[in-house]
Amino acid sequence: MGEFWPVEDVLTYLGGNWRVERTVRDLASDAEGRFTGTTVFEPLEEGGLLHRESGTFVWQGVARPAERTLRFLPGRGPGTALVRFSDGRPFHDLDLTTGRYVADHPCAADLYRGEFTVRDERHWRSVWRVRGPAKDLVLTTGYARPT
């Protein structure tokens, strides 16, 4: 099987509940924050999944509620998806047929490069490297099925 776990149907794989732990590291200042919470992937009427993430983000000792919503729409084949922001704008493509995928998202003067890896049927992760004139960040997120 190798280092990565291939996913035949990404929407089926992601569907349901996940525990989420994320570190956010500012490489310029060496500051680090942590998000803990849950992500739920719920079916959309028009096909695909609605991704709802909620939890607590702690930055420099201050805890705040945090949430985000994305749409994972059917891609070219079952192992792929088109990821959109909640308002429908494109975010990135996703192809987990090999268990690993790298996606870019240009955002104004910044470039977000995400690496997605699947370890097994209960664990996957994303690592976003964000570079720009005012940003130098690494966001590492682990997803695990609740036991």
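Leaving aside its neighbours within four places in sequence, which residues is Ala81 in contact with? In this predicted model, the partners of Ala81 are Val10, Leu11, Phe72, Leu73, Pro74, Gly75, His92, Asp93 and Leu94. Ala81 belongs to strand β5, which spans residues 80-85. With a relative accessible area of 1%, Ala81 counts as buried because this value falls under 20%. Leu50 sits 31 residues away from Ala81 along the chain, and the C-alpha atoms of these two residues are 12 Å apart.

The wider setting of β5 is an open sheet of ten strands, paired in antiparallel fashion and ordered β6-β5-β4-β3-β2-β1-β10-β9-β8-β7. Its edges are formed by β6 and β7, each of which pairs on one side only. From one strand to the next, the twist averages 20°. Towards the β7 end of this order, β8 and β9 are joined in the antiparallel sense by nine bridges. One residue to look for here is Phe116, whose bridge partner in β9 is Ser126.

Attention now turns to the largest pocket, which has a volume of about 580 Å³. Its lining comprises 27 residues, with Arg22, Glu53, Arg68, Trp128 and Leu139 nearest the centre. Sorted by class, the lining contains 18 nonpolar, five polar and four charged residues. At least two lining residues come from each of β1 (16-26), β3 (49-59), β4 (62-74), β6 (90-95), β7 (100-107), β8 (110-120), β9 (123-132) and β10 (135-144). The most generous contributor is β4, which provides five residues of the lining.

Conventions: Residues are numbered from 1 along each chain as its sequence is written. This is a predicted model: local features need pLDDT of at least 70, side-chain atom pairs count only at pLDDT 80 or more; totals for chains, interfaces and linings use all residues. Side-chain values use heavy atoms; hydrogens and water are left out. On a 1 Å grid over the protein atoms alone, a cavity is a set of points where a 1.4 Å probe fits but cannot get out, and a pocket is an open set with protein on both sides within 12 Å along at least five of seven lines; lining residues have an atom within 4 Å of a point. Grid points are joined across faces, edges and corners, and a volume is the space filled by probe spheres set on the points. Helices (H or I, at least four residues) and strands (E, at least two) are DSSP runs, numbered from the N terminus. Ala, Val, Leu, Ile, Met, Phe, Trp, Tyr, Cys and Pro count as nonpolar, Asp, Glu, Lys and Arg as charged, and the others, Gly among them, as polar. Buried means under 20% relative accessible area, exposed over 50%, partly exposed in between (1.4 Å probe, protein chains only). Contact means heavy atoms within 4.5 Å. Two strands pair if DSSP finds at least two bridges between them. Axes are lines fitted to C-alpha atoms, for helices over the stretch in contact, and angles run from 0 to 180 degrees between N-to-C directions.
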